[in-house]
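The following exercises concern a single protein chain and are to be worked with the sequence and coordinates at hand. Each task is followed by a solution in steps.

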Amino acid sequence: MRLASSICLAFLLGSGATAAGAKDTILEPENRRYTFKEDLKGAGKKDDAAGAYDVSGIACILRDSGKRRCLVVNDEGRKAQFLKIDERSIEPKKTIDLIGKAPDPKTRGTVFAGKQCPDKSPAKFKEFDGEGVAYAKPYFYVVGSHGCGRKKDTLNTSAMILARIRVDGQGKPDVEDEDEPEGAIETTYRLGEVLAGADRVGASFLESLSEANGLNIEGIAVVKDRLYAGLRAPSIDGEAFLVEADVDGLFADGHGAYQGKRRTIPIKVGQDAGIRDLTALDDGRLLVLTGPAQEQPKVAYKLFLFDPGKGGEPQLVGELDELDDAERAGKPEAVTVIGSNRVLILFDSLKNGGARAYKVPAKLMIEE
């Protein structure tokens with residue numbers, strides 16, 4: 001398998017570029033559009049034909065052939081879907097069930113029981129509510145929102161799950177029987193415990209998303225043995241937050257409590273802005289997609305580079321230009337790197353994510 005190799009992530013405009021120096025950079029999508037060989041599977045009853053309008057996360061592996069094998073997730077439903085990206089063509093592949101219709105007794109840890117959502121109705125187990133996807137050899141990781149329902153402030157315990165799928169060097173589930181890919185999946189509830197005890201943001205866990213700046217995850221990245229959960233909210237005094245945890249602690253056998261370390265990392269991304277997605281780069285830095293923490297219309301969507309190991313000021317890559325009127329409803333929701341200075345962004349509310357490529361004024365990777 002050929003993967004992108006790590007290089008210096010200095011801006012092409014100069015290694016000394018700062019967030020302030022890049023503040024006027026507007027990133028426009030490339031003119032050439034991606035074509036889908038067929039629609040992605042949506043979360044509705046007619047998902048075989050309707051396409052997906054709620055794509056919320058993506059991560060990819062660069063294979064020996066030069067094509068990318070990716071995993072995407074919707075923020076509704078219980079499935080994720082593999083796909084292949086080749087030049088300007090996207091080919092959807094098989095889906096995989098992240099969870100069933102009922103709790104799995106093999107899920108590690110236990111559902112956090114120290115607090116309830118504002119609506120005290122009995123908790124339900126419904127959709128996974130997937131919000132982010134990451135890849136770190138040999139796993140794809142998929143995270144639920146870990147927040148109360150946005151419309152009714154109810155608790156959906158199936159949204160409190162972190163899943164990982166063991167894959168081979170070509171990005172396919174690492175199982176003996178390819179007709180049973182779910183055998184490659186492990187799940188855990190322990191991330192909720194980590195969030196509830198996190199500095200600065202823990203008090204917002206299981207609070208109302210709309211009324212109390214309640215905590216919810218919208219991005220995930222894994223670097224070596226560290227997992228970073230990117231929070232859309234809370235946004236506090238111009239800072240968004242990562243919550244860091246030990247991967248081994250999250251997925252330790254059994255139902256015992258989380259035994260690893262945790263750390264809250266603030267990122268200065270602007271007033272009322274939160275993290276909408278994360279992508280880990282090969283030297284451990286993160287590409288961070290930000291946008292409104294709630295629905296603030298004047299908060300722009302932006303890309304930053306940030307080193308969670310060093311902290312400090314993030315580097316602003318640029319601000320995403322608004323889409324044209326016909327697709328203005330689309331909200332940037334997922335990002336992955338597809339070249340040395342190119343990223344692919346998927347949008348909520350657009351069919352199949354409305355995939356668009358952007359060139360950025362930063363060198364992100366080299367493809368050997």
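## Exercise 1. The second largest cavity

Strands β5 (79–86) and β20 (342–348) each supply at least two residues of the lining of the second largest cavity. The model is a predicted one.

Task. Determine the volume of the second largest cavity, the residues that line it and their division by class.

Solution.
- Step 1: The volume of the second largest cavity is about 40 Å³.
- Step 2: The lining is made up of Phe-36, Leu-40, Ile-58, Val-72, Leu-83, Ile-85, Ile-90, Leu-344, Leu-346 and Asn-352.
- Step 3: Sorted by class, this lining holds 9 nonpolar residues, 1 polar residue and no charged ones.

## Exercise 2. The largest cavity

Task. State how many cavities of 30 Å³ or more are counted, and describe the largest cavity by volume and lining.

Solution.
- Step 1: The count gives 2 cavities at a cut-off of 30 Å³ or more.
- Step 2: The largest cavity holds about 50 Å³ of space.
- Step 3: Its lining consists of Val-111, Phe-112, Leu-155, Met-160, Tyr-189, Gly-192, Phe-205 and Leu-206.
- Step 4: The class division of this lining is 7 nonpolar, 1 polar and no charged residues. Gly counts as polar and Tyr as nonpolar, so the polar member of the lining is Gly-192.

## Exercise 3. Two pockets

Task. Characterise the largest and the second largest pocket by volume, central residues, contributing elements and residue classes.

Solution.
- Step 1: The largest pocket has a volume of about 850 Å³. It is lined by 29 residues, of which Glu-76, Glu-127, Asp-129, Gly-149 and Arg-150 are the closest to its centre.
- Step 2: Two or more residues of this lining come from each of β11 and β19 (331–339).
- Step 3: By class, the lining of the largest pocket comprises 17 charged, 7 polar and 5 nonpolar residues.
- Step 4: For the second largest pocket the volume is about 730 Å³. Here 33 residues form the lining, and Cys-60, Tyr-135, Ala-280, Leu-281 and Asp-282 are the closest to the centre.
- Step 5: The elements that give two or more residues to the second lining are β3 (55–62), β7 (130–136), β8 (139–144), β11, β15 (273–280) and β19. The largest share, 5 residues, is that of β3.
- Step 6: The lining of the second largest pocket divides into 24 nonpolar, 3 polar and 6 charged residues.

## Exercise 4. The four-stranded sheet

Task. Establish the strand order of the open sheet of 4 strands, and find a salt bridge that involves β13.

Solution.
- Step 1: The order is β11-β12-β13-β14, and the pairing is antiparallel.
- Step 2: The edge strands, each pairing on one side only, are β11 (216–223) and β14 (262–268). On average, neighbouring strands of this sheet are turned by 25° against each other, with direction ignored.
- Step 3: Strand β13 (residues 239–246) is joined to β14 by 7 bridges. Within this antiparallel pair, Phe-241 stands opposite Pro-266 of β14.
- Step 4: In the whole structure, 28 salt bridges are found. In one of them, the side chains of Glu-239 and Arg-200 meet at 2.7 Å, N to O. Glu-239 belongs to strand β13 and Arg-200 to the loop between α2 (190–196) and β11, so that distant parts of the chain, 39 residues apart, are linked.

## Exercise 5. Backbone geometry

Task. Locate two cis peptide bonds and a residue other than glycine with positive phi.

Solution.
- Step 1: As a reference, most residues other than glycine have a negative phi, and most peptide bonds are trans.
- Step 2: Lys-137 and Pro-138 are joined by a cis peptide bond with omega about 5°; Pro-138 lies in the loop between β7 and β8.
- Step 3: The bond from Ala-233 to Pro-234 is also cis, with omega near 5°, and Pro-234 is placed in strand β12 (residues 226–236).
- Step 4: Lys-224 has a positive phi, near 55°, and is found in the loop between β11 and β12.

Conventions:
Residues are numbered from 1 along each chain as its sequence is written. This is a predicted model: local features need pLDDT of at least 70, side-chain atom pairs count only at pLDDT 80 or more; totals for chains, interfaces and linings use all residues. Side-chain values use heavy atoms; hydrogens and water are left out. Two strands pair if DSSP finds at least two bridges between them. Axes are lines fitted to C-alpha atoms, for helices over the stretch in contact, and angles run from 0 to 180 degrees between N-to-C directions. On a 1 Å grid over the protein atoms alone, a cavity is a set of points where a 1.4 Å probe fits but cannot get out, and a pocket is an open set with protein on both sides within 12 Å along at least five of seven lines; lining residues have an atom within 4 Å of a point. Grid points are joined across faces, edges and corners, and a volume is the space filled by probe spheres set on the points. A salt bridge is a side-chain nitrogen of Lys or Arg within 4 Å of a carboxyl oxygen of Asp or Glu.
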